[in-house]
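Student: Got a minute to walk through a model with me? I'd like to start with the fold.
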Amino acid sequence: MGGGPPPSVSLSLFVKEIVVEKNDFKVVNKRVLKMDSLGLACGEPVFTDDVDINGMLYGRILWSPYAHARITKIDTKEAEKVPGVKAVLTYKNVPRVPHTTAGQGYPEPSPYDTYILDNKVRFVGDRVAAVAAETPEAAEAALKLIKTEYEILPAVFDTFEAMKDGAPVIHDEKDAKNIPDARHNIAAKFEFEVKNGEWFKDADFVIEHSYKMPYLQHCAIEPHIVITCFDPFGRLVIRTSTQVPFHVRRIVAQALKLPVKKIRVIKPRIGGGFGSKQEVLLEDIAAALSLKTGKPVKIEYTRKETFISSRTRHPSTVRLKTGFKKDGTITDAEMDIVLNTGAYGSHALTVMMCSGSHTIPFYKVKNNIKFLGRSVYTNLPVAGAYRGYGATQGFFAWESQMDIMAAKIGMDPVEFRKMNYIRLGEGSPVFKAMGEGREGVEQVITSIGLYEGIEKGLKAINWRAKKEKNKGGKGVLRRGLGMACMMQGSGIPEVDMASATIKMNEDGSFNLMVGATDLGTGSDTILAQIAAEVLGVKAEDFIVYSSDTDLTPFDVGAYASSTTFISGNAVKKTAEKVREMIIAVAAKILDRKKEDLRLEGGKVVANDGAACGLSEVANTSLYYYDQHQIIASASHYAHTSPPPFAANFAEVEVDTGTGKIKILDYVSCVDCGTAINPELAEGQNDGAVLNGIGHTLSEELEFSSNGTPLNASFRRYKIFNTLDMPPIKTFLIPTFEPNGPFGAKSVSEIGINGPLPAVANALYDAVGVRLFDSPFTPEKVLAAIKKAGKK
Amino acid sequence: MKKESIRLEAVNGVFRISLTVNGVKKNFAVKNNEFLLNALRRYGYKGAKKGCDTGDCGSCTVIFNGKPALACLIPAFTAHGAEITTIEGVGTVRNPHPLQEAFVEAGAVQCGFCIPGMILSSKHLLDVNPSPSEDDIKKYLDGNLCRCTGYVKQIQAVKMAAKKIKKA
């Protein structure tokens, strides 16, 4: 194939910057221990549930047993009589305000189709009523005494059935807003086409396949939990396990018709989220119970409720039709995705958009591009944000199809990818066309280390030698190799905004207050590293606080892989302002010009060697001269969303007797720009990869024919443990992203997108069968092997 | 453990039990239908976490009479006379256990919710097997689910801790 294209020269444009900046990094890109980790390892009481509040009531929710029904009668008199019961809420005594539970920028691009409580239930696990009582037992007893009569409505569980004329209309309420086609259960729809001539005219081959993913749950080990109470001024305080404290404040205010100023949202430490906590799931109902009773209320999900009534990944059908030439040029691509959003349209539009906007630009398509996306209501649990956010579904299709296309033209799948992936300086019409609720933003790739990532991965998994060795495999156990490449984004351009405040203390330490929401990712630590790098101090000189709507400045929250890139830039700008203020004071102390001063090693140093400590600067500003607090805030929003890139490699052993796939080795190479904290970046990727391996081999939420979840527990919904895990190796591929703080891009989501296509390709390599619907359970693999054998 | 025949009686559904938590004698009043996890958390041992309440995730792991056990599955009244170690008894921020230090140094703590249980399981492993192989570690920790880390750095942390303890 003529050796393929030249390697992508990811660094060439910015070599000067890198050399200078890299050599100079003192804190960034260095090993710094995660600052909250010792407290967590010692079991300090830092989570939502770890406080004791006097007089707290226990809230419980009555869930719908039916997939689709209208409440014709609901009688709470008996429930209210249970000793200890303080409030029972139904749709009759809460405000009816259509809203979305999705924590997104305002106005949200998701339909307003949700009510605190409604007279209609739309899935098994939908809210019917809520109770607050002095003991959990009393609350449970009261739930059982709520007398509800239902008119059971026909239900629909399949997205294609739901779109047909005459299908049950799940959102027939008149006051819902922004549902594009309620009669056909379409919660979001988007079409886009680039046409440069006749479709598939230049193609030597055209291939079309459909790829499916099922319902998946995030399985954060801390279930959703909220405690609502009142402050001494009678304001509502919401202590909650959330990724989006500021969106929680806004949405609760909206749903309960309260002024924002009457609400304070506190995010303590969070026990994992992965998108499931980018959502207002309990805060509104707990707040309603607190407002009704005047008392603190706690509501926590059981594990079962987390599976059924929180959020899931959107089940998907992606039909991908591609045209390509014998020389490896991709000429046409038509991607048609149908997502199941479940009973409500939380994230219905945006996940759908990302399934295309994160995947289609990844490979150059010469002539025609078409995207058709539909998010469809069904009477099943509600899909929402989940790590990978549509790109997971999209890349399963794309990266499987890349191997199929390569095989068709007899090209090495690695070379085929290398030939076609987007290069430094290149853009795509998709970036501009496909935004998240508004038009996207034009952008070109400003850093990419994919070539280096692919080469590193090939070497690490010993690709060529193993390929040779596996050739013509015989016997029951067959080995195979597969790979997949991908990209993600870094925040939502021109939508996401973050801000930070830094305040200086007498000893030269600083408080860093950020709205950015550390949910276990380590963002508090990496944000301190960024600030420390600017101010010439150590990360430990920062006392980081996140997040509290009363005390920390605004941030959209932890989602869209935005924290390092968006919040990190906000922190960098803030620290630069503080640096100016410090230098202004030091200039007077040292009697030097400001431009001759720099911050270094905890001191302000002049070009001639004169220096003063930061504590002297702080004390001067606070006590001695021209007194003022050295404090600054800054905000950041971005015009681009530089993608991180990754190349993943899997070696599998397939038992042709049982259909069991065993992953023998997994290598994941990630270009996240400058890794602000390499150890934490690796940890993000390791976790994302194992989560992806889980949905590749075992995870699937199953339902009975009437829409009741069948395996809503860790015992029946299998997530991987230490014995199941394969060897996972993460390699960080350094590049320098000029728009990122000290060259950084995002890292948290991309890793989850690799395992499904990489293992699909490895399975094909091992036994010559291809699966188009996940998970690849032994039953499915065995059936496919048998079917192939019969041909 | 001395084995005594103990007769406990519930008064209005409440048992009064005596037990040793982290080396300190304690008296708990526990409901007859209450599990040990709930009782421990009510009495301030918040390090034991509730992740599933069905014995599947391992977040509530404590050392119960010398062995790791799932506090969410143990009826609280059966802890009468028991010796229990919770994460608070392993080490503190001021005086951490080598395992706690190793988890920090290895970058093995992300959200941290599973970590107390994971450290208690690891502690028992190192108590009975001071030089565990990687397979030993994997076998021992298979009841402690983590969704953040992929277990990679946690396994490294246990290896590091084993070395630290041997040195000390």
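Student: In chain A, what share of the contacts with a separation of 6 or more comes from residues 24 or more positions apart?
Tutor: Those residues account for 80% of such contacts in chain A. Keep in mind that this is a predicted model.

Student: How many helices and strands does chain A have?
Tutor: Chain A has 20 helices and 28 strands.

Student: And why call chain A as compact as a globular protein of its length?
Tutor: Its radius of gyration is 27 Å, and the globule rule gives 28 Å for 791 residues. The two values are close, so chain A is as compact as a globular protein of that length.

Student: What does the C-alpha trace of chain A span along its principal axes?
Tutor: About 90 × 75 × 50 Å.

Student: How much of chain A is buried?
Tutor: Of the 791 residues, 61% are buried.

Student: What about helix α14 of chain A, how many of its residues are buried?
Tutor: Zero. Helix α14(A) covers residues 463-470, and none of its eight residues counts as buried. This helix is hardly covered.

Student: Which residue with a positive phi follows α14(A)?
Tutor: A:G472 follows α14(A), with phi near 60°.

Student: Switching to the interface. How many residues of each chain are in contact?
Tutor: On chain B, 44 residues are in contact with 45 residues of chain A.

Student: Which elements of chain B give two or more residues to that side?
Tutor: There are four helices to look at: α2 (98-105), α3 (115-128), α4 (134-140) and α5 (152-167) of chain B. The largest share comes from α2(B), with four residues.

Student: How do the residues on chain B's side divide by class?
Tutor: The side of chain B that touches chain A has 21 nonpolar, 13 polar and 10 charged residues.

Student: Back to α2(B). At what angle does it pack with α3(B)?
Tutor: About 125°, with the axes 10 Å apart. That angle makes α2(B) oblique to α3(B).

Student: Is the crossing left-handed or right-handed?
Tutor: Right-handed: that is how α2(B) passes α3(B).

Student: Which residues meet there?
Tutor: From α2(B), B:L99, B:Q100 and B:F103. They meet B:I115, B:I119, B:S122 and B:K123 in α3(B).

Student: And what's the mix by class in that contact?
Tutor: The contact of α2(B) with α3(B) has four nonpolar residues, two polar and one charged.

How values were computed:
Residues are numbered from 1 along each chain as its sequence is written. Chains are lettered from A and ligands numbered from 1 in the order in which they are written. This is a predicted model: local features need pLDDT of at least 70, side-chain atom pairs count only at pLDDT 80 or more; totals for chains, interfaces and linings use all residues. Two residues are in contact if their C-beta atoms, placed from the backbone, lie within 7 Å. Ala, Val, Leu, Ile, Met, Phe, Trp, Tyr, Cys and Pro count as nonpolar, Asp, Glu, Lys and Arg as charged, and the others, Gly among them, as polar. Axes are lines fitted to C-alpha atoms, for helices over the stretch in contact, and angles run from 0 to 180 degrees between N-to-C directions. Angles under 35 degrees count as roughly parallel, over 145 as roughly antiparallel, 65 to 115 as roughly perpendicular and the rest as oblique. A crossing is left-handed if the near helix is turned anticlockwise from the far one by less than a right angle, and right-handed if clockwise. The radius of gyration is taken over C-alpha atoms; the globule rule is 2.2 Å times the number of residues to the power 0.38. A residue is buried if 20 or more other C-beta atoms lie within 10 Å of its own, exposed if 12 or fewer, and partly exposed in between; C-beta atoms are placed from the backbone.
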